[in-house]
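Hi,

Here is the structure I said I would pass on. Have a look at it first, and then read on for what I found.

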Amino acid sequence: MNDHEALMQALDVLCPMHVVLGPTGHVVHAGPTLQKLRPDAQMVGRRFLEIFDLKRPRAITTMDALRAAAGTKLHLQLRDAPKTEVKGLLVPGLTEGQSIVNLSFGISVVDAVSDYALTSGDFAATDLTVEMLYLVEAKSAAMEASRKLNLRLQGAMIAAEEQAFTDTLTGLKNRRAMDHVVARHVDWGTRFGLMQIDLDWFKAVNDTLGHAAGDHVLQTVARVMVEETRDSDTVARVGGDEFVIILPHAKGGEAMEGIGRRIIERLSRPIPFQGEVCKISASIGSAIYDPASKQSVAEVMDDADVALYASKHGGRGQQTHYVPALRRSAENLAPPKGRDVERES
Amino acid sequence: MHGLINRAIQCFVTDSYGADKWVEATRIADLDFVEFEAMLTYDDDITPRLLDAISNVLNRPRSDVMEDMGTYLVSHPNVEALRRLLRFGGVTFVEFLHSLDDLPDRARLAVSDLNLPRIELRDHSPTHFSLICESPMVGYGHVMMGILRTMADDYGALALLEHTGGGDGIETISVTLVETEFAAGRAFDLGARAS
């Protein structure tokens, strides 16, 4: 065996992706793994730059220029499909004009292994490629497990948040959600209408027909309120039979009056429940939050409460929009007790 | 948009301008939350809205904000890992520029659902390059400007950069290399472990 053959054999083991080029740039010998990339097209005898497109350094087009680039990193790509990209390093060979180019997959190794059905036997035992593939797979498996956990936790978090802001019986927003919505409108400087709604005669339904009837009534009420308001409005159940509706960009008391009238009209119709009939109605007090005025939200809520009290005092089943005069007459009658106090008697 | 990108924006604003500015920006952008999770995916329309809100809060043009973000990403001690990963791209600034072609693939190797915009480097001469950046989000080229400017310093190279405009989801940066060894640059040790 001559020196040349001994070198080729050694290179086949040490660098199975090498290629030996003659002075004209033709392939004299190709390593076994490299040849495996093109099992049906013998590389030996073809011009190296016809098999590979040299991507970088870009200026090189001739074999002389390529030989001059000995020792620098080459970026190459197979010219026919699959157009695998490889990295290369060229060194002068044993004889004048001969070059040895060693190639490696670099970043494209993951795709290459599956494209060409490579096994660990195709890589030198000292090559870290197999370790890298192992790391990629191990990392992907671990990341996938963590990604699934993330999605589960996110789902749970969304559900928990939803629950924390929802009244489970009616599906309406709860008091917390309402506070949140109000705070945002205040932040944005949105003018909004506020309706405080108390159900009339609801306690009687609960007492005479039982809680199941009461629950049915509350669900019906919730549906009516949602149907009679816009998507941008917020309907919240803030107490047993107490509701609040926030109407962003409400123009004035008249605009809300139409909505209030329809709600009272619909809630005053008897609600059938298991052969019985539940009769309720609603009292409404409304006020407007105007960011241009100096009034705080708490003051506006109190205004709406005073108006609600006037509706109740006026015989229930009616609505009142707040005007300052109400406060004086309300004081003469009895102070509003605040909404946490049971008003029905 | 991937949580990593949104999270990077959050860290940039918080570390550079304080948590208050960040909270204000999330409110203007009409987000329901203030904290992005790095490993979750968010609606694509959130990110541009957020960037406009930040520009609004900081009272600076969006392109300036995005370039500062690029600088932040490769210079702030809190995100040192990113600078290190980029330095793996090459021993010299020119090699680093060439490695940007591989960046989206490398990123996907690490996080399979992270899709970074494609970048293509064209070399017109040994000292003059164009970086063609796919730009799904207007201003992405400015982020790259900030990154390149800072990485040039990092390598000790002196480079002139110019954002030469864009359109149709592509933005172009012209890079002129004045000197490759202008200054000492920052040290990079391949084997140093990120702490």
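To start with chain B: how many helices and strands are there in it? Chain B has 8 helices and 4 strands. Before going further, please keep in mind that this is a predicted model. It scores ipTM 0.71 and pTM 0.69. For chain B the mean pLDDT is 90, with 98% of the residues at 70 or more.

**Chain B overall**

If you follow chain B along the sequence, the elements come in the pattern α-α-α-α-α-α-α-β-β-α-β-β. Chain B has 195 residues, and 31% of them count as buried. As for contacts between residues at least 6 apart in sequence, 60% of those in chain B join residues at least 24 apart.

**Helix H8 of chain B**

I spent some time on this one. Helix H8 of chain B runs over residues 140-155. Its 16 residues should span 22 Å at 1.5 Å a residue, because the expected span counts one less than the number of residues. The end C-alpha atoms of H8(B) are 23 Å apart, which agrees.

Is H8(B) mostly covered or mostly open? Mostly covered: 15 of the 16 residues in H8(B) are buried. Right after the helix, Gly156(B) takes a positive phi of about 80°.

Met144(B) is a good residue to click on, as it lies in helix H8 of chain B. Why does Met144(B) count as buried? Because it has 23 C-beta neighbours inside 10 Å, and the cut-off for buried is 20 or more. Leaving out residues up to four places away in sequence, Met144(B) touches Gly70(B), Leu131(B), Cys133(B) and Ile173(B). You can also check Met144(B) against Ile119(B): they are 25 residues apart along the chain, and their C-alpha atoms are separated by 9.7 Å.

**Chain A and the cores**

Now to the other chain. Chain A comes to 12 helices and 13 strands. Of its 345 residues, 28% count as buried. With contacts again taken between residues at least 6 apart in sequence, 55% of those in chain A join residues at least 24 apart.

Which residues touch the most other members of the largest nonpolar core? They are Leu194(A), Val244(A) and Ile245(A), in a core of 45 residues. Helix H11 of chain A (residues 297-313) provides the largest share of this core, with 7 residues. Apart from this core lies another, of 39 residues, and its members include Ile54(B), Leu131(B), Leu148(B) and Ala157(B). You will recognise Leu131(B) from above as one of the residues that Met144(B) touches. As general background, nonpolar side chains tend to be buried together in soluble globular proteins.

To look at Ile245(A) itself, set aside its neighbours within four places in sequence: Ile245(A) is then in contact with Met195(A), Ile197(A), Met225(A), Thr229(A), Asp233(A), Thr234(A) and Val235(A).

**Where the chains meet**

The contact between the chains takes 12 residues from chain B and 11 residues from chain A. On the chain B side, helix H7 (residues 103-110) gives the most, with 3 residues. The residues on that side of chain B divide into 4 nonpolar, 2 polar and 6 charged.

**Backbone spots to look at**

There are some cis peptide bonds to inspect in chain A:

- Arg56(A) and Pro57(A) are joined by a cis peptide bond, with omega about -5°. Pro57(A) is in the loop between strand E3 (52-56) and helix H4 (63-68) of chain A.
- Ala81(A) and Pro82(A) are joined by a cis peptide bond too, with omega about -10°. Pro82(A) is in the loop between strand E4 (73-78) and strand E5 (85-92) of chain A.

Then there are some positive phi angles at residues that are not glycine:

- Gln274(A) has a positive phi of about 45°. Gln274(A) is found in the loop between strand E10 (271-273) and strand E11 (276-278) of chain A, and it counts as exposed because it has 9 C-beta neighbours inside 10 Å.
- Asp30(B) has a positive phi of about 65°. Asp30(B) lies in the loop between helix H2 (19-28) and helix H3 (46-58) of chain B, and with 12 other C-beta atoms within 10 Å it is exposed.

Cheers

Terms used
Residues are numbered from 1 along each chain as its sequence is written. Chains are lettered from A and ligands numbered from 1 in the order in which they are written. Helices (H or I, at least four residues) and strands (E, at least two) are DSSP runs, numbered from the N terminus. Two residues are in contact if their C-beta atoms, placed from the backbone, lie within 7 Å. Ala, Val, Leu, Ile, Met, Phe, Trp, Tyr, Cys and Pro count as nonpolar, Asp, Glu, Lys and Arg as charged, and the others, Gly among them, as polar. pLDDT is the predictor's confidence in each residue, from 0 to 100. A nonpolar core is a set of buried Ala, Val, Leu, Ile, Met, Phe, Trp, Tyr and Cys residues joined through C-beta atoms within 7 Å.
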